[in-house]
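Please open the model in your viewer with the whole chain visible, and follow the selections below in the order in which they come.

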Amino acid sequence: MTTSLPQPMRDALNLACAALLVAPPNPRVGCVMTDCRENTLGQGHTQRTGGAHAEIVALRDAKARGNSVVGATAYVTLEPCSHHGRTGPCCDALIAAGIKKVVASIADPNPLVSGQGFERLRAAGVEVEVMPADDPLAIASRELNIGFFSRMIRKTPWVRLKMAASLDGKSALENGVSQWITSEAARTDGHAWRARACAVLTGIGTVLTDNPRLDVRLVDTPRQPHLVIVDSRLETPLDAALFTPGRVIYLYAAVQNEAKKAALETRGATVIYAPGLEPATRNKVDLAAMLRDLAAREINELHVEAGHKLNGSFIREGLVDEYLVYLAPMLIGLGSGMANFGPITQLEDAVNLRFHSIEPVGDDLRILARPPGRETF
């Protein structure tokens with residue numbers, strides 16, 4: 001990554017990237033503290049939930065090295081927090097340590113912080129510099145925490161819809177067989193995207209057809225993402241493979257069945273009723289309401305791996321922020337598509353996207369695409 005800013009800020013961003021799988025639901029933040037010659041005194045990144053934030057880790061690292069940070073500059077990829085949450089305010093810790101200057105990539109979107117950390121630092125005599133919003137490192141810092149920004153500003157998670165298909169857009173053969181269209185490399189990469197999410201979502205159709213675990217197995221991870229099941233009639237079998245000890249599972253239903261709800265909750269699931277408000281949708285889960293509820297449960301990034309019907313519902317309702325698509329170099333012909341929505345009668349009604357990135361993964365292509373302007377909130 002290149003920028004005109006000093007190396008310590010680039011190092012801080014690399015540290016934030018190291019918190020990719022560790023920090024959620026907290027933002028991924030890195031911090032580097034330097035002396036006047038930009039020699040590193042201490043550094044660190046956000047730890048697991050309830051653990052130290054990046055600034056505190058950096059202060060501890062400096063102490064362990066025997067370095068004083070009085071008069072030092074702290075480079076941090078997000079505004080230091082100013083409120084008491086699971087931990088104390090980081091801006092107070094920086095002030096108490098004698099930090100002279102703070103250089104931050106971006107402001108914190110959390111309404112409990114949102115500029116107040118900068119104000120408290122300035123009030124204590126600490127110089128504060130915030131990078132321009134269009135600086136590549138500021139953009140990268142925000143992208144790294146796109147789900148946190150979404151939850152704080154829009155009150156919904158960042159919804160990433162993952163699909164795998166042949167080059168002609170088929171996700172399964174006409175007889176339903178789909179394992180494996182894409183390569184092992186693509187499947188491993190898909191698990192890495194699962195690992196970075198706060199939760200993985202699927203529908204009851206996938207549960208009944210494939211009996212998946214939908215956990216992270218092909219890459220190392222310090223935590224398993226939560227699991228979300230859209231199950232309008234509470235049809236999830238009590239012996240489904242998805243029930244693993246200690247995993248948080250949310251089942252969203254529309255049709256009340258208190259006996260089945262109680263049975264599912266004995267298996268460790270949390271059942272939430274979220275029926276549609278209109279007569280035609282009362283037997284279906286209100287997906288928009290579900291997303292708001294998931295945000296309240298601290299879900300930043302929601303990774304959707306579902307069948308073509310549920311995929312179609314998310315697309316039709318305009319709820320997808322990003323498409324993660326793996327394309328295999330094969331043609332299938334007749335078969336199942338990636339998403340079932342429409343039909344549309346004119347191209348003006350198509351779901352228009354912009355490519356965010358296109359990269360080879362093994363023998364396949366990985367495409368990230370977004371609706372234009374989706375990330376500008």
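What share of the contacts in the protein with a separation of 6 or more is accounted for by residues 24 or more positions apart? In this predicted model, such residues account for 70% of those contacts.

Stay with the whole protein for a moment and colour it by secondary structure, which comes to eleven helices and 16 strands. The radius of gyration is 23 Å, close to the 21 Å that the globule rule gives for 377 residues, so the protein is as compact as a globular protein of that length. Along the principal axes, the C-alpha trace spans about 70 × 45 × 40 Å. If you now switch on the surface, the accessible area comes to about 17,300 Å², with 52% of it belonging to carbon and sulfur atoms, while buried residues make up 51% of the 377 residues.

Next, select the five strands that form an open sheet, which follow the order β2-β1-β3-β4-β5 with mixed pairing. At the edges you will find β2 (40-45) and β5 (127-130), and because each has a single partner strand, one side of each is left without a neighbour in the sheet. Neighbouring strands here are turned by 15 degrees against each other on average, direction ignored.

Within this sheet, select residues 30-34 (β1) together with residues 73-76 (β3): these strands run antiparallel and are joined by four bridges. Zoom in on Cys31, whose bridge partner in β3 is Val76.

Finally, add residues 7-18, helix α1, which packs on the sheet and touches β1, β2, β3 and β4 (101-104). Viewed against β1, the direction of helix α1 makes an angle of about 145 degrees with that of the strand.

Terms used. Residues numbered from 1 in each chain as written. Predicted model: local features only at pLDDT ≥ 70, side-chain atom pairs only at ≥ 80, totals over all residues. Heavy atoms only, no water. Pairing = 2+ DSSP bridges. Helix = DSSP H or I, 4+ residues; strand = E, 2+ residues; numbered from the N terminus. Axes fitted to C-alpha atoms, helices over the stretch in contact; angles between N-to-C directions. Contact = heavy atoms within 4.5 Å. Rg over C-alpha atoms; globule rule 2.2 N^0.38 Å. Buried < 20%, exposed > 50% of the residue type's maximum accessible area, 1.4 Å probe, protein only. Areas by Shrake-Rupley, 256 points an atom, 1.4 Å probe, with all protein chains shown as cover.
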